[in-house]
Amino acid sequence: RQKREALRLRARLYNTGAKPCVVNGLSFLLRRKADGARFEYPANDSRVYTDQGMADGQAHACGLVGSMTHIKDQAGSLNLLFLDEVEKWSQGAYRAGGCISHVYAAAVEAELQPGESLEAGCLYLSLPEAGEDPYLHIRGFFDRLGFRPLRGSLNEGLLYSCHPHGTMDGGFKLGLDLRQYAEQLPQIRALGVDHIWLLPVFDHLDRGVYHPTDQRPIDARYGGEEAMRHFAQEAHALGMTVLFDYVPHGPEPTDPLAQEHLDWCSRRLDGSLQDEWHCVSFDMTHPDYLDYTRELVGSHVRRFGIDGARIDCAMGGLSNWQPYGNHRPSASNLMGGVAISRAIMEGFERMGKRAFLLPENFNPVPAYYPVTGVFYGMNLYRVMTLLWERGAKPAEYVSELTRFLDIERKVTPEGLKKLRFLGNHDTVSWVWQKQRAWQSYGEGKARALFALMYFLDGVPMLYQGDEDPALAGKEGPDLRAYLTRLREERRRLTGEGTGISYLHTGSGVMAFKREMDGLRRLVLISLEDSEQTLALDELLGAKLEAGQAETDGTRVMLPPYAYAIFTLKG
């Protein structure tokens, strides 16, 4: 036990036979009597499951890798907290007879010779003290284990994701080079943008920007080296930083970089090359590949003065059955993802650059805290999408979303910023909603949800065309003036801090409090298509600072899909 708060369970698997054996997965299970408990996956899912809600033989898996399961019954709370710093895992539960089994299934892959063993993962059964908030207990527990967020990186402002050839859902039809695209930077800056995330502009064939042949040169169709240098200089002159989008999974098997470094390529058990996205899967734990990556980043800083990186596929690659050193095959996934993220971070640090670091990590996994400047935020997008798919009514939508955000705030380490968005290059084109926010929600609700993204804690992001669908070759609402106003009001009223507290309104109106320069602000955002009246004690003596609302003291009237920001008395 650690301070009487946890029981730690480790597992070591031995090959006691006379022949080699192949390991494919190792699971930790906590089995308990189904006695009416409720359980959930904090920061990973908004749903609450119940013992009675699971029929015999029913099972479910949480959609993202997560370290946390919170169980609540009449006796109190129990947190199941799982850590594996080598490979990814899945989490879920199933019912068999009168028992519920909670499962963490680690994707361990290895070949054990006779007499060999391996250890994989660690499950903690953590007991909050009576009266202690079980979610804050999770935050404190991981902090005491030393999993703390990266300090000193760039993590404030508005991020804008874009490409000189246009948008993913528009088929990259814009067709500009970087020098030509630089002419659009003033109007991007006018939106209040602080950081430009360029989708990959590295040398690639016609197969797509996320299939670079080599990440060192800038592709000629984007104007090459000189155009990239000009673009970065123009962005810097306007007060914006520039992020490259690194693609570390590896090129296609016939590309020279793969052929010259076959020792970096992960292989199957039969020795053939692993294949993902029609590309090799570089082993991101290989020290030579990590050295190459550090030098690559340093080269880009030296040549272009870039300021940060979004890191594609930052959760690592496929298993390597010819691993480096004493690594097991599955070390190339999560361990590899952390290693490549750290190598990119170190590439900036070696050049004395304070960088914006954004690994594409969907999963609130503590191992990533020390190498993450801003957490990718796909968990919030996924929760909102599930509510949209379910057709949740506004009051239900607000209730579930508020609860999710409040719990996420509590379990997330202090200082770890989160990316807030309604869509990115993936979600507008081929996954989840496969369209823009205004197409999913309608213009009114999309406006309200953009206000939510801007006024929450974290880093708001726009994907090229969110402000004007014409940039994606589409017809739709021009939101440039609206988004510019949101950005100005964020600067003036809610700021960049992480402090936030949520109110449960029992209605279709989101409510939360922010603090800036010693002043407390109340933010209200209606997700209803009709006028809403809300009574809150906090409104007594409050001053309306922004948005649309009428108030008579303790009641406020909000038009459909409107927002309002008040400065609270005292």
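Which residue is the bridge partner of Leu13 in S10? To find out in this predicted model, select Leu13 together with strand S10, residues 117-126. The partner is Leu118. This pair belongs to the antiparallel pairing of S1 with S10, which are joined by eight bridges.

**The sheet**

Extend the selection to the whole open sheet, whose six strands follow the order S1-S10-S7-S6-S3-S4 with antiparallel pairing. Strand S1 (6-14) and strand S4 (48-50) form the edges; each has a single partner strand, so one side of each has no neighbour in the sheet. From one strand to the next, the twist averages 20 degrees.

**Helix H1 on the sheet**

Next, select helix H1, residues 134-144, which packs on the sheet. Helix H1 touches S1, strand S3 (38-40), strand S6 (68-73), strand S7 (76-83) and S10, and its direction makes about 35 degrees with that of S7. Eight of the 11 residues of H1 are buried, so the helix is largely enclosed by the rest of the structure. Colour these buried positions: Pro134, Tyr135, His137, Ile138, Arg139, Gly140, Phe141 and Phe142. Their cover includes helix H9 (394-411) in addition to S1, S3, S6, S7 and S10.

Then inspect the two ends of H1. At its start, a side-chain oxygen of Asp133 comes to within 2.8 Å of the backbone nitrogen of Tyr135. Just after the helix, Gly146 adopts a positive phi of about 95 degrees.

**The nonpolar cores**

Move now to the largest nonpolar core, which has 148 residues. The residues with the most contacts inside this core are Ile196, Met228, Phe231, Phe244, Leu401, Phe455 and Ile525. Helix H11 (residues 443-455) supplies the largest share of the core, nine residues.

Centre the view on Phe244. Neighbours within four places in sequence aside, its contacts include Leu198, Val201, Phe202, Ile218 and Met228. Also among the contacts of Phe244 are His300, Phe304, Ile306, Gly308, Ala309 and Arg310. Another core, of 17 residues, lies apart from the largest one; among its members are Leu81, Leu83, Phe375 and Leu416.

**A loop with positive phi values**

Finally, select the loop between strand S19 (417-420) and helix H10 (437-441), where Trp432 is located. Trp432 has a phi near 55 degrees, a positive value in a residue other than glycine. Is this residue, Trp432, exposed or partly exposed? Trp432 is partly exposed, with a relative accessible area of 29%. Lys434 lies in the loop between S19 and H10 as well, and its phi is near 60 degrees, again positive in a residue other than glycine.

Technical notes: Residues are numbered from 1 along each chain as its sequence is written. This is a predicted model: local features need pLDDT of at least 70, side-chain atom pairs count only at pLDDT 80 or more; totals for chains, interfaces and linings use all residues. Side-chain values use heavy atoms; hydrogens and water are left out. Two strands pair if DSSP finds at least two bridges between them. Helices (H or I, at least four residues) and strands (E, at least two) are DSSP runs, numbered from the N terminus. Axes are lines fitted to C-alpha atoms, for helices over the stretch in contact, and angles run from 0 to 180 degrees between N-to-C directions. Contact means heavy atoms within 4.5 Å. A nonpolar core is a set of buried Ala, Val, Leu, Ile, Met, Phe, Trp, Tyr and Cys residues joined through side-chain atoms within 4.5 Å. Buried means under 20% relative accessible area, exposed over 50%, partly exposed in between (1.4 Å probe, protein chains only). A polar contact is a pair of N or O atoms within 3.5 Å; within protein, one must be able to donate a hydrogen and the other to accept it, and residues adjacent in sequence count only if both atoms are side-chain atoms.
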